[in-house]
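Subject: Structure handover and notes

Dear colleague,

Here is the structure you asked about, followed by my notes on it. Please read them with the model open beside you.

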Amino acid sequence: MAGRINDDDVKAVRDAVPIDAVVSEYLQLRNAGGGNLKGLCPFHDEKSPSFQVSPSKGLFHCFGCQEGGDTIAFIRKIDHLSFSEAVERLAAKAGITLRYEEGGYNPSHQRGERIRLVEAHQAAAQFYIEQLGSPEAEIGRKFLAERGFDQAAAAHFGVGYSPAGWDHLTRFLRGKGFSDKELLTSGLAQESRRNPIDRFRGRLMWPIRDVSGEVVGFGARKLRDDDNGPKYLNTPETPIYKKSQVLYGIDLAKKDIAKSSRAVVVEGYTDVMACHLAGVTTAIATCGTAFGGDHIKILRRLLMDNGSARVIFTFDGDAAGQKAALRAFEDDQKFAAETYIAIAPDNMDPCDLRLAKGDEAVADLVQPRTPLFEFAIRQIVGRYDLETPAGRAAALDEAAPIVARIKNVASQHEVAVQLAGILGILDTQFVVKRVAQLARWARDRGGKGPAPAQHRRQQYEMAAPRSAAPGPALNLRSPAHRTERELLKLALQHPHLVSPAFDAYGVDEFTAPPYAAVRQCIQEAGGATDAPSDYLPAVMDSAPNDVVRALVTELAVEAVHARTVDEAYAGEQLVAVRRRAVDRRLLDIQGTLARLGQNGDPAQLAAVQNELWVLQQYGQALRNKGAAAL
C-alpha cells in the first residue's frame, strides 16, 4: 500500500484547484448572489437549483440533500473515489507532485484503481491515434475520408486505429507498467488460452470520455469483411465505464450546451462529428444503448432546466428510429426542457446529410421541428382509421393515457387540445376532460395507470357518434334519439307518409344501435315504399333476434307524438334526422381537414373541401326549404 499523502501537499492541492472550476466540469453554475454560485445538484434529482458553491471558501453545499464539503469531497462523491484517489486526480490537474509519508513518491502500480484504469485508457487512446497513421490503417483513413472527415477532424475527436494483431496494445501497456489484471479489468484486453489479448483489433477507434474529459472507454467500428464481430463494439461494463451513464461528445459539447441551454441527441459517433464540424457543437450520442434516465440526469445538470431549454433528437425516420423516439418519449417527463424530433429528408442521418447537402443542411436539420410528444402521439394514432368513430375511439384510448402522464397540468391541457386536433375530434373539451380524468385515476391508483380500456371506450362512445350496430340503447330519451324513434314509428305505422324519402336513409343515419337495427329490418323487408299488407310481419321476420323483434312490435303500437299525423309532421321528422346526419358528417370532414392541416396532399385537400362545401349547401337547403330539399 502507498503511504499517507503529505498534509502540506493535500493543502496545496485544495488551494491550487478552484472548486468552481472543478464543479463546472459536471454541471452548469449560475450567479446565486453574495459571491456564490448555484446549480442543479448532481447527487439527487431536483427541479430547482439548491446546490451552491462558494469559490471564496472553496466549499459546496446542497440545501436539498445536505451533501457538502471541499473540492476533494466533491470529486470523491461524484466519481466514487477514495480520498487518495481524489487528491491524486486533482494533483495531476494542477501539476503537483505528491509526497507520501511512508515510502516517498508513490509508484504508479500503487495508485488507486480508478486512476490506474483511466491512465490505461489515456495511454491506449494515444496509442490508437499514432496507429491511425500506419500503412495498415489506410482502410480506416479511407473510411473517414469517404464520410467527409479529414486528418484534422480525426485529431479533434481523437479517432484512432487498433492494429489487427492479437496483442499489440496489450504489449504496449505492459511496457508502460500496467498489469494483466488492470488490462482485463479495464476492458482493453480479454482472456485467451495463454495470455490476455487485445479486445479491439483491426478497427477504427473512438475514445469515449466522461463529462470531466477523461477517457473511460472506446467505441470500435468494423472495417473489414472478414471481421465476424458486430458492426460496432463498445467497451464492456467496467468500474469506470457504464454505458447508461456516458454520452459520446459530452466533453466537447458541455460548455455550449450550458451556454445555449440546448442539446442535440444523435445516434452515432460519426453523426456527432458531422454535427460539430457543421457548427452544431451541442451534439452528443449514446454509446450502444437507448437514451435513458441516467443520460437525462447528465443533460439536466448542464441545461439547468431554465424554461427555455431544448433537447432535439435526430432519430432516423425508419422503424428502428421511430421505436427509439417512442422510447425517448417514455422518459420525456424527466426533462423540464422542451423536447423535439428532427428527421432529415430521405431519412438521412446527420453524417450522410452533411455529405449530400453540406454543413448548412445539418445546421438547419436540428432547428426545432416537431415536438417529441406530437411525433410519438402521431405514431400511435397512425395505426388507426381516424375516418371512423370506432377508429377515433380506439386511438384516443391508446393516446390519452400517454398525455395523462404529463405532470405539468398546463402542459397536459395544451397537449390534450392538440391530441383532439390530431384525432379530428372537434369537441376539444371532451378530450381535455378525459385526459384529466385519466390523470386523476393514475394518481388515485398510486401511479399504477388509468382504469381499464373498456370503461374508457364506453366513456367516449357516450359522447361521440357511434357506428350503427345492434345493442343496448345509450340514451333513448335524447332529442336525437326521440326524433329517430318518432320517424321509425311513422315508417312502421304510416309508411306512405314517409315514402319514398325514408328508403333513401342509410342505417348509419340512426345513431342509437337498436334503432339502426330496426331500420335494417325495414330495409331487408323491402322498404316502406308501396308497403304491402304483410309489411309489418315481414319487418318482424327480418329481425335478427327476439330483442330487435320486440322493439319492432313496441314501435309499431306506440302512439305517434303529434295531434295531427300528416305529411307535414312526417316531413319534420325526416328533415330532423337528415340534418343531424349531415351535421355529423360535417364534423367528420372538419376533423379530416384538421388532421390534414396545411401540408396535406393538395388533391386530397381539394376533394375534402369540395365535399365540405356540398354538405354545407345541402344543410342550408334543409334549414330553408325543409322536406322539399330531401
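In which helix is the place of R623? R623 sits in helix α27, which covers residues 602–625. Please keep in mind throughout that this is a predicted model.

**Charged surface patch**

R623 belongs to a patch of positive charge on the surface, together with R482, R579 and R580. With a relative accessible area of 42%, R623 is partly exposed, because that value lies between the limits of 20% for buried and 50% for exposed.

**Aromatic pairs**

Searching the whole structure gives 17 aromatic pairs. One of them is formed by F51 and F60: the ring centres are 5.5 Å apart and the planes meet at 25 degrees, so this pair is stacked. F51 is buried, at 0% relative accessibility. F60 is buried as well, with a relative accessible area of 4%.

Another aromatic pair, F291 with F313, is edge-to-face, with 5.2 Å from centre to centre and 85 degrees between the planes. This pair links distant parts of the chain, as its two residues are 22 residues apart. F291 is in the loop between β13 (283–285) and α12 (293–303), while F313 is in strand β14 (residues 310–313). Is F291 buried or exposed? F291 is buried, its relative accessible area being 9%. F313 also counts as buried, at 1% relative accessibility.

F51 and F60 turn up again in an aromatic cluster, where they are joined by Y26, F43 and F74.

**Salt bridges**

How many salt bridges does the structure hold? There are 30 salt bridges. I describe some of them here.

K11 and D15 form a salt bridge through their side chains, with 2.9 Å from N to O. Both residues are in helix α1 (residues 7–16), and because they are four residues apart there, about one helical turn separates them. D15 is exposed, with 54% relative accessibility.

E25 and K93 make a salt bridge with an N to O distance of 3.0 Å. E25 lies in the loop between α2 (19–23) and β1 (30–33), whereas K93 is in helix α4 (residues 83–94), so this salt bridge ties together parts that are 68 residues apart in sequence. What is the relative accessible area of E25? The value for E25 is 18%, and E25 is therefore buried, the limit being under 20%. Its partner K93 is partly exposed, at 44% relative accessibility.

The side chains of R147 and E146 also meet in a salt bridge, at 3.8 Å from N to O. R147 is partly exposed at 23% relative accessibility, and E146 is partly exposed with a relative accessible area of 46%.

Beyond these pairs, there is a network in which salt bridges share partners. R485, E486, K489, E554 and E558 are joined in this way.

**Backbone points**

Three places in the backbone are worth a look in the viewer.

Which two residues does a cis peptide bond join? The residues are S499 and P500, and omega for the bond is about 0 degrees. P500 is in the loop between α22 (495–498) and α23 (513–524).

S261 has a positive phi, near 55 degrees, although the residue is not glycine. S261 is located in the loop between α10 (250–260) and β12 (262–266). With a relative accessible area of 4%, S261 is buried.

D530 likewise has a positive phi in a residue other than glycine, here near 50 degrees. Where is the place of D530? D530 is in the loop between α23 and α24 (535–541). D530 is exposed, at 71% relative accessibility, whereas S261 is buried.

**Recap**

For a quick tour, begin with R623 in helix α27 and the positive patch it shares with R482, R579 and R580. Then go to the stacked pair of F51 and F60 and the edge-to-face pair of F291 and F313. After that, view the salt bridge between E25 and K93 and the network that includes R485 and E554. Finish at the cis peptide bond between S499 and P500.

Regards

Key: Residues are numbered from 1 along each chain as its sequence is written. This is a predicted model: local features need pLDDT of at least 70, side-chain atom pairs count only at pLDDT 80 or more; totals for chains, interfaces and linings use all residues. Side-chain values use heavy atoms; hydrogens and water are left out. Patches are made of residues with over 30% relative accessible area and no salt bridge: like charges are joined within 9 Å, nonpolar side chains (Val, Leu, Ile, Met, Phe, Trp, Tyr) within 5 Å. Accessible areas come from the Shrake-Rupley method with a 1.4 Å probe; for residues, only the protein chains shown count as cover. A salt bridge is a side-chain nitrogen of Lys or Arg within 4 Å of a carboxyl oxygen of Asp or Glu. Lys and Arg count as positive and Asp and Glu as negative; His and the chain ends are not counted. The place of a charge is taken as NZ of Lys, CZ of Arg, CG of Asp or CD of Glu. Buried means under 20% relative accessible area, exposed over 50%, partly exposed in between (1.4 Å probe, protein chains only). Rings of Phe, Tyr and Trp (its six-membered ring) pair if their centres lie within 6.5 Å; planes under 30 degrees apart count as stacked, over 60 as edge-to-face and the rest as tilted.
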